[in-house]
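Got your viewer open? Load the model and get ready to click through a few selections with me.

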Amino acid sequence: MPATVVISPRGEQRLQGGHPWIYRSDIIDAAAAGGDRVLVRSRRGQTLGHGLYSDRSLIALRMLTDGEQEPDDRLIERRIHDAIAFRESLGIDATAYRLVHGESDRLPSLIVDRYGDYLVVQALSQGMDRLTPVVVRVLQERLSPRGILARNDPRTRTLDGLPQIVEVLAGDIPDLVQVHELQVEYEVDLRHGQKTGLFLDQRDNRAAASLYAHGRMLDCFSYNGGFALTMGRRCSAVIAFDASADAVARITLNAARNGVAVDARVGNVFDELRALERVGERFDTIVLDPPAFAKSKSAVEKASSGYKEINLRALKLLNPGGILVTCSCSYNISEAAFGEIVYEASVDAGVHVTIVEKRMQGRDHPVLLGVPETYYLKCLLLRKLP
Ligand code: SAH
């Protein structure tokens with residue numbers, strides 16, 4: 001008898017809608033241990049599919065298959081191969097990009113990012129944690145990387161009772177890895193950088209935004225300079241702000257490496273935007289790429305006022321005809337809600353603004369229809385009308 005989990009009619013409905021998560025409140029009976037690949041049944045004894053079971057997280061089940069198909073190691077292998085082949089078909093102008101994007105590749109809670117000859121893996125559930133040896137074997141056979149690093153330090157792992165650890169799973173990982181994205185070269189610290197090292201999800205937006213970059217540029221929440229370095233070549237001057245001194249040091253190094261002049265400063269963007277306004281500064285191109293202000297539903301209200309504040313200040317600092325690239329990576333704030341926030345900011349700033357492009361996370365981070373959690377990054381390219 002395989003490990004089996006019985007779910008409620010409400011859980012069944014979710015599965016029918018294509019959502020791969022079943023919450024603990026919809027588990028009726030679980031004859032399974034945390035991390036097991038389990039058979040999922042309805043109360044009437046019907047086979048609904050197979051999934052990864054967690055005995056800790058509120059997300060008790062992450063589905064792998066519908067119906068009778070069993071998720072053996074070969075299925076995991078086929079899905080990884082498919083995910084990689086899709087990324088290779090995209091003609092991405094970069095040596096760093098996402099190979100596996102969790103639920104969107106039907107490999108729930110698994111992230112694999114490529115940084116040149118090195119791979120970074122995140123296994124964010126008990127079930128995927130246990131599958132890691134299979135994942136590592138498949139990646140080695142398919143890609144022969146020089147090293148594979150587990151960046152298993154996201155806090156979400158603790159919700160599954162898993163330790164937060166960073167460890168080399170295969171080969172070696174140097175302190176710094178060189179990659180390029182578009183025309184920019186980066187040195188990336190895979191062990192300590194944010195996310196898995198770079199914000200790979202913004203690559204396509206950096207490329208799109210570059211087409212409008214001009215004049216004096218301000219890059220807010222710059223991290224190690226992704227937008228500043230890509231767009232800065234087309235601008236007469238670039239100022240970049242980030243709260244992290246480490247990130248700012250890296251912007252400066254990357255700027256020198258790429259021959260782009262960036263005035264990188266440590267600062268809190270909320271304070272700095274006000275200070276720039278006070279001294280009458282003006283810009284032609286502004287980027288706002290803040291961290292997720294709304295990490296939970298309860299944080300949405302406060303987050304919305306944060307987003308509104310920075311957008312309002314940026315619109316005031318922008319010259320007529322200027323471009324604002326404004327982003328939100330909070331999946332708790334929908335595209336419509338974000339649009340509304342930016343609209344309200346424009347009204348308060350007393351300016352007329354057009355949407356030139358509506359964008360999202362890059363093509364290597366696709367959204368799974370019916371699973372709003374996979375659509376997290378919104379990016380609007382706006383123009384302030386003269
Ligand atoms: N634009 C970057 C990614 C930004 S991630 C890129 O393209 O790669 C968000 C960044 O905001 C992080 O580097 C974090 O250090 C910084 N940050 C968070 N709160 C901040 C604040 N109040 N002021 C300035 N920077 C902040």
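Here is a tour that goes from the ligand to two helices and a few loop residues.

Before you click, keep in mind that this is a predicted model.

**Stop 1: the ligand**

Select the ligand and show what is around it. You should find 16 residues surrounding the ligand, the closest being Arg206, Phe221, Asp242, Val269 and Asp289. Colour that shell by class and you get seven nonpolar, six polar and three charged residues.

Now turn on distances. Which ligand atom does the side chain of Gln194 approach? A polar side-chain atom of Gln194 sits 3.0 Å from an oxygen atom of the ligand. Asn268 also uses a polar side-chain atom, and here the partner is a nitrogen atom of the ligand, 3.1 Å away. For Val269, show the backbone: one of its N or O atoms is 2.9 Å from a nitrogen atom of the ligand. Switch on a surface next, keeping in mind that the protein covers 88% of the 590 Å² of accessible area that the ligand has on its own.

**Stop 2: helix H8 and Arg274**

Stay with Val269 and select residues 269–278, which make up helix H8 and include Arg274. Is Arg274 buried or exposed? Arg274 falls in between: it is partly exposed, with a relative accessible area of 34%. Beyond its neighbours within four places in sequence, Arg274 is in contact with Glu309 and Arg313. Add Ala314 as well: its C-alpha is 9.4 Å from that of Arg274, although the two are 40 residues apart along the chain.

**Stop 3: helix H9**

Select 300–317 for helix H9, which has 18 residues. From first C-alpha to last, H9 reaches 26 Å, close to the 26 Å expected at 1.5 Å a residue. Arg313, one of the contacts of Arg274, is among the buried residues of H9. Others to highlight in that buried set include Ala303, Tyr307, Ile310 and Ala314.

**Stop 4: helix H2**

Jump to residues 73–89, helix H2. This helix has 17 residues and spans 24 Å between its end C-alphas, close to the 24 Å expected at 1.5 Å a residue. Which of its residues are buried? Pick out Leu75, Ile76, Arg79, Ile80, Ala83, Ile84 and Arg87. The spacing is worth a look, because an α-helix has 3.6 residues a turn, so residues three or four places apart point the same way. To see what covers the buried residues of H2, show elements including strand E6 (59–66), strand E7 (96–101) and helix H3 (126–143). Just past the helix, click Gly91, which follows H2 and has a positive phi, near 60°.

**Stop 5: two loop residues with positive phi**

Most residues other than glycine have a negative phi. In the loop between E7 and strand E8 (110–115), select Arg106. Arg106 has a positive phi of about 55° although it is not a glycine. Ser109 lies in the loop between E7 and E8 too, and has a positive phi of about 65°. Compare their surroundings: Arg106 is partly exposed at 38% relative accessibility, whereas Ser109 is buried at 5%.

**Stop 6: Asn224**

Finish at Asn224, in the loop between strand E14 (216–220) and helix H6 (226–232). Asn224 counts as buried because its relative accessible area is 4%, and the cut-off for buried is under 20%. Show its contacts, leaving aside neighbours within four places in sequence: among them are Tyr186, Leu198, Arg250 and Asn254.

Conventions. Residues numbered from 1 in each chain as written. Predicted model: local features only at pLDDT ≥ 70, side-chain atom pairs only at ≥ 80, totals over all residues. Heavy atoms only, no water. Near = heavy atom within 4 Å. Polar contact = N/O pair within 3.5 Å; in protein donor to acceptor, adjacent residues only side chain to side chain. Areas by Shrake-Rupley, 256 points an atom, 1.4 Å probe, with all protein chains shown as cover. Nonpolar A, V, L, I, M, F, W, Y, C, P; charged D, E, K, R; others polar. Helix = DSSP H or I, 4+ residues; strand = E, 2+ residues; numbered from the N terminus. Buried < 20%, exposed > 50% of the residue type's maximum accessible area, 1.4 Å probe, protein only. Contact = heavy atoms within 4.5 Å. Expected span 1.5 Å × (residues − 1).
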